[in-house]
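These are notes for a colleague who has not seen this structure before. Please read them with the model open alongside.

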Amino acid sequence: MQALPEQDNREHRVFYGWYILAVILLTGFFAGPTSQVFVGLLVEPINEATGWSKTSIAFSVTAGGILAGVTAPFIGFLADRYSPRVLMTLGSGWMALSFFVIAASPNVFFLIAGYASSRGIAQNLIAGIVPRVMVVNWFRRMRGRAIGLTGTAHPVGTFALAPAALLIIDAGLTWRWVWVLFGIAILILLVVPNALILRRTPEEMGLLPDGDKVISSTEAEERTARELADSWTFKEAIRTPALGLILASIILTNYGGGGLPFHMPQYYEQQGLAPGIAVAAVSMFAISGAFANTLWGFLAEHISERILGIFTMLLGVVLAFGFQFVSHPVAAVAYGSILGIAARGEGSILMLLIANYYGRRSYGAISGVVQTALLVGLALGPYFMALLREQTGSYTMVFYSSMVTFSLAALLLALAKKPVKRDVEGINNNERGNYGI
C-alpha cells in the first residue's frame with residue numbers, strides 16, 4: 001500500500017475545505033445588494049433623483065426573480081461540469097459589471113436589465129447553486145453546518161450592506177455611487193480569492209471530504225468511486241417519485257414562507273400597531289431567518305433532514321393560525337423572529353436532503369431544479385395572498401390558506417422517502433425489454 005506524499009504533515013494542517021468555505025462566505029456576503037430588501041431601501045432615493053416610477057423600479061426585482069428561476073437549472077448543469085473557480089470568478093466579474101450598468105443607467109430599462117442580470121445570473125453563480133455544489137463536494141459529515149453557513153452569508157450581507165448604502169447617500173453621494181463603490185469592492189475583494197483558492201473537489205488535491213485521513217491513494221480512489229457509484233445522474237433522479245414530492249413540498253411551503261412576511265407589515269398596520277413595530281418584526285424575521293440556516297444545518301448532522309423539514313412546516317401551520325391573535329407589539333416582533341426560524345431554515349434543510357438522497361454526481365443540476373421550485377413558491381405567496389385579502393376583505397383566509405399549504409407540504413415531504421437506486425435501474429431495464437416483455 002503506497003502512502004501519499006507528505007501525509008504526516010497534512011495531518012497537522014487546516015483542512016483546505018475551510019479555506020474554500022471562507023471564500024464562499026465572503027462572496028455570499030458581498031452578493032447582498034442583489035436582495036430585493038436592499039433594492040427596496042433604494043427605491044425612494046432613486047425615485048427622487050430620477051423621477052422614474054416606483055413601480056418601474058420595483059419591477060426590476062420581479063424581472064430578477066423570474067430570470068433567476070429560469071437560469072437556475074442551466075447553471076446547475078454548468079456547476080456539475082465546470083470548475084467553480086471559473087464559474088465564481090466569472091460570476092464575481094459579472095456582478096460587478098451589472099452594478100456598474102445600474103450606476104450608469106440613463107433610464108429605468110437599464111436599471112431593470114442591470115439588476116435582473118445581477119440577481120438572475122450572477123447571484124446563482126456566486127451565492128446560490130455553484131457554492132452549494134462545492135460544499136457538497138468538500139464536506140460529508142460536516143455538510144450540515146457548511147451548507148447552513150453558506151445560506152447565512154447572503155442575508156447577513158444584505159442587512160450589513162443596506163445600512164452602509166444609506167450612509168453613503170447620507171454622506172452626500174448619490175444612489176449611483178452606492179452601486180459603483182460596491183462594484184469596485186467586488187472586483188477587489190472577490191475576483192482574486194475566487195480565482196486563486198477555489199477548487200472543485202478535495203480528491204483533485206489528494207484529500208478526502210471533511211479532511212478525513214488518507215491512508216493511501218488507492219484507498220482514496222476506491223472511496224470516491226464507491227460514493228460516485230451510489231450517486232444519481234440527473235436523468236435518474238428526475239424520474240424518482242421522491243424528487244417530485246420534494247419539489248411540490250418546496251413550492252407549497254414557500255407559498256407561506258414567502259407570503260406571510262410580505263404581508264406582515266400591512267397586517268400589523270391593520271391591527272393598529274405602529275409602523276416601527278412592523279419594521280422591527282420584518283428585520284427580526286430576516287435576521288433570525290439568516291442564522292436559522294446555520295442552526296438547522298448543525299441539527300441536520302444529528303437528526304434526519306426529512307424530520308427537521310416536516311417539523312418546520314408544521315411549525316409554519318401553528319404560526320399561520322396564531323397570526324390572527326397577534327396584537328401586542330412585543331408579540332408582533334417575537335412572531336417575526338419565530339417565523340424567520342421556521343420559514344427560512346427549511347431551504348438549507350431541503351438542500352441537504354437532496355444531497356443525502358441523490359449524492360454529489362449531479363447535485364448541481366438537481367439543486368438547480370429545486371431552486372426554481374423555491375423561487376416559484378416565493379413568487380406565488382405574496383400575489384395570491386393579496387388576491388385573497390382583496391376578495392374577502394380580511395386576512396383570515398390568507399392565514400388559513402397558509403395553514404393548508406404548510407400542512408400539504410409536510411404530508412408530501414413525509415411521503416418522500418429516500419429512493420433506492422435499484423428501483424430506477426429496474427425501470428431502465430424494463431424499458432430496454434430486459435424483463436422479457
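1. A salt bridge here is a side-chain nitrogen of Lys or Arg within 4 Å of a carboxyl oxygen of Asp or Glu. By that criterion the structure, which is a predicted model, holds four salt bridges. Three of them are taken up in points 3 to 5, after the overall form of the chain.

2. The chain contains 19 helices and zero strands. Its radius of gyration is 23 Å, close to the 22 Å that the globule rule gives for 437 residues, so the chain is as compact as a globular protein of that length. Along the principal axes, the C-alpha atoms fill a box of roughly 70 × 50 × 45 Å. Of the contacts between residues at least 6 apart in sequence, 84% join residues at least 24 apart.

3. K54 and E44 form a salt bridge in which the closest N and O atoms are 2.7 Å apart. K54 belongs to helix α4 (residues 54–81) and E44 to helix α3 (residues 36–50), with their positions ten residues apart in the numbering. K54 has 40% relative accessibility and therefore counts as partly exposed. E44, at 36%, also falls in the partly exposed class.

4. R141 and D212 are joined by a salt bridge at 2.4 Å, N to O. R141 sits in the loop between α7 and α8, and D212 in the loop between α10 (191–197) and α11 (217–230), so this pair ties together parts that are 71 residues apart in sequence. How exposed or buried is D212? Its relative accessibility is 17%, and because the cut-off for buried is under 20%, D212 counts as buried.

5. E301 and R145 make a salt bridge at 2.6 Å, N to O. E301 is in the loop between α14 (275–300) and α15 (305–322), whereas R145 is in helix α8, so the bridge ties together parts that are 156 residues apart in sequence. R145 counts as partly exposed because its relative accessibility is 23%.

6. Next, the interior. Of the 437 residues in the chain, 53% count as buried. In soluble globular proteins, nonpolar side chains tend to be buried together. In this model the largest nonpolar core has 93 residues, and the members that touch the most others are F38, W179, I246, I354, Y358 and Y363. A second, separate core of 26 residues includes Y267, F323, A343 and M385. I354, one of the well-connected members of the largest core, touches L243, I246, G359, Y363, I366 and V370, leaving out residues up to four places away in sequence.

7. Helix α7 (residues 129–138) is mostly covered, with ten of its ten residues buried. Among the buried residues are R132 and N137, alongside I129, P131 and W138.

8. A103 lies in helix α5 (residues 84–103). With 8% relative accessibility, A103 counts as buried. Which residues does A103 contact, leaving aside its neighbours within four places in sequence? They are R176, W179 and V180. W179 is also listed among the members of the largest core that touch the most others. V279 is 176 residues from A103 along the chain, and the two C-alpha atoms are separated by 28 Å.

9. V333 is in helix α16 (residues 329–358). A relative accessible area of 21% makes V333 partly exposed, since buried means under 20%. Setting aside residues up to four places away in sequence, V333 touches I277, A280, A281 and M284. V333 and M284 are 49 residues apart along the chain, yet their C-alpha atoms are separated by 6.9 Å.

10. Last, the surface. The chain exposes about 19000 Å², of which carbon and sulfur atoms supply 67%. L26, L173, W177, L181, I184, L187, I188 and L189 make a nonpolar surface patch of about 670 Å². Helix α9 (residues 175–189) gives the largest share of that patch, six residues. L173, another member of the patch, is placed in the loop between α8 (143–170) and α9. L173 counts as partly exposed because its relative accessibility is 37%.

Notes
Residues numbered from 1 in each chain as written. Predicted model: local features only at pLDDT ≥ 70, side-chain atom pairs only at ≥ 80, totals over all residues. Heavy atoms only, no water. Helix = DSSP H or I, 4+ residues; strand = E, 2+ residues; numbered from the N terminus. Buried < 20%, exposed > 50% of the residue type's maximum accessible area, 1.4 Å probe, protein only. Contact = heavy atoms within 4.5 Å. Core = buried A, V, L, I, M, F, W, Y, C linked by side-chain atoms within 4.5 Å. Patch = residues over 30% accessible without salt bridge, like charges linked within 9 Å, V, L, I, M, F, W, Y side chains within 5 Å. Areas by Shrake-Rupley, 256 points an atom, 1.4 Å probe, with all protein chains shown as cover. Rg over C-alpha atoms; globule rule 2.2 N^0.38 Å.
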